[in-house]
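Grab a coffee and open the viewer. Below are a few exercises, each with a solution worked through step by step.

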Amino acid sequence: MDGIAQFLCAGGYERLRRATQTHRGDLIVRLCGEVGLQPSEVVAVNPNDIQQVGTARLLDVGDREAFVPAAVAHAVQKYTQSVNGTDTLVNISERRVQMLVRENGTRAADATGDSRFREISSRDLRAAHAYQLLHDGVDTRIVLAVTAYDRVAALEPYLPSPDREELVAALSEERTMTAEGLPGWLRRTVQVAADVGEALAVADSTEDIYEMVCGQLADTDGYRFAWIVERINDDFTIQAHTGVAIDNIEQTLADQTDLIAAVTEKKMVQATDVGDTTLLVVPLVGETTRGLVGIRTLRGDANAIERDLLGVLGAQVGHALAVIEHQQLLLANTATELTFDIGHETPFLPETAAALDCEFELVGIVPADEGVLCYVTARAVTPDAVFERAAITDSVEDIRFVGDDNTGVLLELTLRNSPIQVLATAGGQIQSYEVNSHGGQLVGEVSTDANIRSIVETVTDAFPTAHLTAKRETEPETTTDVQFRETLADELTERQTAALRSAYFGGYFEWPRDSTAEELADSLNVSSPTLHHHLRIAQKKLLQSFFDEIR
């Protein structure tokens, strides 16, 4: 449960609103806290986009329709009448929206003496909005539809814990009960998750994982067959199958393109009826959707809770695959270094370097839910010029100025479509990426045991102007370095690693700081307290690993 969201819903939100000093400031807080808008959506609101449908008012924000309470719609109308008509409601930047919320929280803290207000961000207001909807009994699917959250796992911290009566009611549906007293579908899913978890602990190759997971699922009562396909760029390669022919799998992939696309993009289990059966497609998720699992069960026998449990299982398998690939690279006697020349037509950095006659150099990357979070040094160009280019492309999710020194300007970018992301997702460890007006050079290392031809084709298929120009065997780092990093990697969770890398590359440890904790939290899509929590634990583990090595 998110403590700040609960605090806001328990009266903190109204006290926060009372601290606003302007009509505009109050409206921004309400758009975040009662409509659930992101800063990018707040600055894009056009009053004419609010449409009445029956007794409800909906706001088109591009990828969804947000629900606008009547009181907020009235406030928008009043504010519109008080200012000169413009295409947008509030003519300010996304960053200014975030700052106004922060400033308002500071005033609320000063007025009430409650320091929790100082932690409140626009993200916390959106979390409180989702928290309130869920605790008002709104169906989770509806909450996903009207908010910026795109999967059930993201809402999990805000879901109310069911009481005893609700549990009894939910588990007393017309289901076949087992001797142990649990519904058959629940016991089946829990058992297969336990079996797969035990097997993952001893798997030592990706092939073992594919075969084991497929076999375990196909042998489970109620599941007729199972198959697993690996995602390579936008194509899928069959890796394992039990109880079904390859031709049938290929036909399913061809017939169910919309379903496959939905699973891949949303990273959520999807189901469709096929004859008298139901096809369940489960994503194997890590930094991206690594592959898919197909399961056939009796029609109507796919409970929503079962689908959620299978989604957790898919994430568990995706994480295990990533760990195996990482270990193969660390433990290899040699690694293969791949060098790609990247054409200047490739988005976003090569295109921008060619257009602005400037240079970019990758400083570090952090895995993100969508795309890749990069820290890049820019030379011979101003931040505003890069921002203007980013505003007219779909390849950049977000961009932020971090700082500057004698080496250039440090920028933080979340890239949706980049050779960096494709190579990293295919199993490569990024060594460097340098870009100038003529194009770029990307260097990465992969395990010698990896399918190098497949990795190269993944990059060149995604970016036709990319060409492999060098391949060579390299010696691994010294044993001490490898052991230290391997030990630390085993200790850190994905979130702790992301927090530590983002803080390091984002200049959080510089003096004065180039990035605040709030800025890093916004970039990683977490609350400020959560960022501090992950960062402090990661720092402790880093120091433990270091001092254990030298004592």
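Buried means under 20% relative accessible area, exposed means over 50%, and partly exposed is what lies in between (1.4 Å probe, protein chains only). This is a predicted model, where local features need pLDDT of at least 70, side-chain atom pairs count only at pLDDT 80 or more, and totals for chains, interfaces and linings use all residues. Residues are numbered from 1 along each chain as its sequence is written, and side-chain values use heavy atoms, with hydrogens and water left out.

**Exercise 1. Work out the strand order of the open sheet of 5 strands, and find the helix that packs on the sheet.**

Step 1. Start with the terms: helices (H or I, at least four residues) and strands (E, at least two) are DSSP runs, numbered from the N terminus. Two strands pair if DSSP finds at least two bridges between them.

Step 2. Trace the sheet across and you get β5-β4-β8-β7-β6, with antiparallel pairing. Strands β5 (235-242) and β6 (270-274) each have a single partner strand, so one side of each has no neighbour in the sheet.

Step 3. From one strand to the next, the twist averages 25°. (Axes are lines fitted to C-alpha atoms, for helices over the stretch in contact, and angles run from 0 to 180 degrees between N-to-C directions.)

Step 4. Now add the helix: α11 (residues 206-218) packs on the sheet and touches β4 (223-232), β5, β7 and β8. Contact here means heavy atoms within 4.5 Å. The direction of α11 makes about 155° with that of β4.

Step 5. Zoom in on β7 (residues 277-285) and β8 (residues 289-298): 9 bridges join this antiparallel pair. Val281 is the residue opposite Gly294 in β8.

**Exercise 2. Find the residues with the most contacts inside the largest nonpolar core, and say which element gives the most to this core.**

Step 1. A nonpolar core is a set of buried Ala, Val, Leu, Ile, Met, Phe, Trp, Tyr and Cys residues joined through side-chain atoms within 4.5 Å.

Step 2. The largest one has 49 residues, and Leu37, Ile120 and Leu125 have the most contacts inside it.

Step 3. Two or more residues come from each of α1 (3-18), α2 (23-33), α4 (70-82), α5 (94-112), α6 (122-135) and α7 (140-146). The top giver is α6, with 7 residues.

Step 4. Look around Leu37: leaving out residues up to four places away in sequence, its contacts include Leu31, Val42, Leu59 and Arg126.

Step 5. There's also a second, separate core of 38 residues, with Val376, Val386, Ile399 and Val422 among them.

**Exercise 3. Compare the salt bridges of Arg30, Arg379 and Arg400: which partner does each have?**

Step 1. Side chains of opposite charge can pair when their charged atoms come close. The cut-off: a side-chain nitrogen of Lys or Arg within 4 Å of a carboxyl oxygen of Asp or Glu. The structure holds 14 such salt bridges.

Step 2. Arg30 pairs with Glu34, with the closest N and O atoms 2.9 Å apart. Both are buried.

Step 3. Arg379 meets Glu361 at 2.7 Å, N to O. Arg379 sits in β11 (residues 372-379) and Glu361 in β10 (residues 359-367), 18 residues apart. Arg379 has 28% relative accessibility, so it counts as partly exposed; Glu361, at 28%, is also partly exposed.

Step 4. Arg400 pairs with Glu519, the closest N and O atoms being 3.0 Å apart. This pair links β12 (residues 396-405) to α21 (residues 517-524), 119 residues apart. Arg400 and Glu519 are both buried.

Step 5. Follow the shared partners and you get one network of Arg95, Arg400, Glu412 and Glu519.

**Exercise 4. Classify the ring pairs Tyr504 with Phe505 and Tyr508 with Phe509.**

Step 1. Rings of Phe, Tyr and Trp (its six-membered ring) pair if their centres lie within 6.5 Å; planes under 30 degrees apart count as stacked, over 60 as edge-to-face and the rest as tilted. The structure holds 4 aromatic pairs.

Step 2. For Tyr504 and Phe505, the centres are 5.2 Å apart and the planes at 75°, so call it edge-to-face. Tyr504 is exposed at 59%, while Phe505 is buried at 15%.

Step 3. Tyr508 and Phe509 have centres 5.4 Å apart and planes at 75°, so this pair is edge-to-face too. Here Tyr508 is buried at 7% and Phe509 is partly exposed at 41%.

Step 4. Last one: Tyr375 joins Tyr504 and Phe505 in one aromatic cluster.
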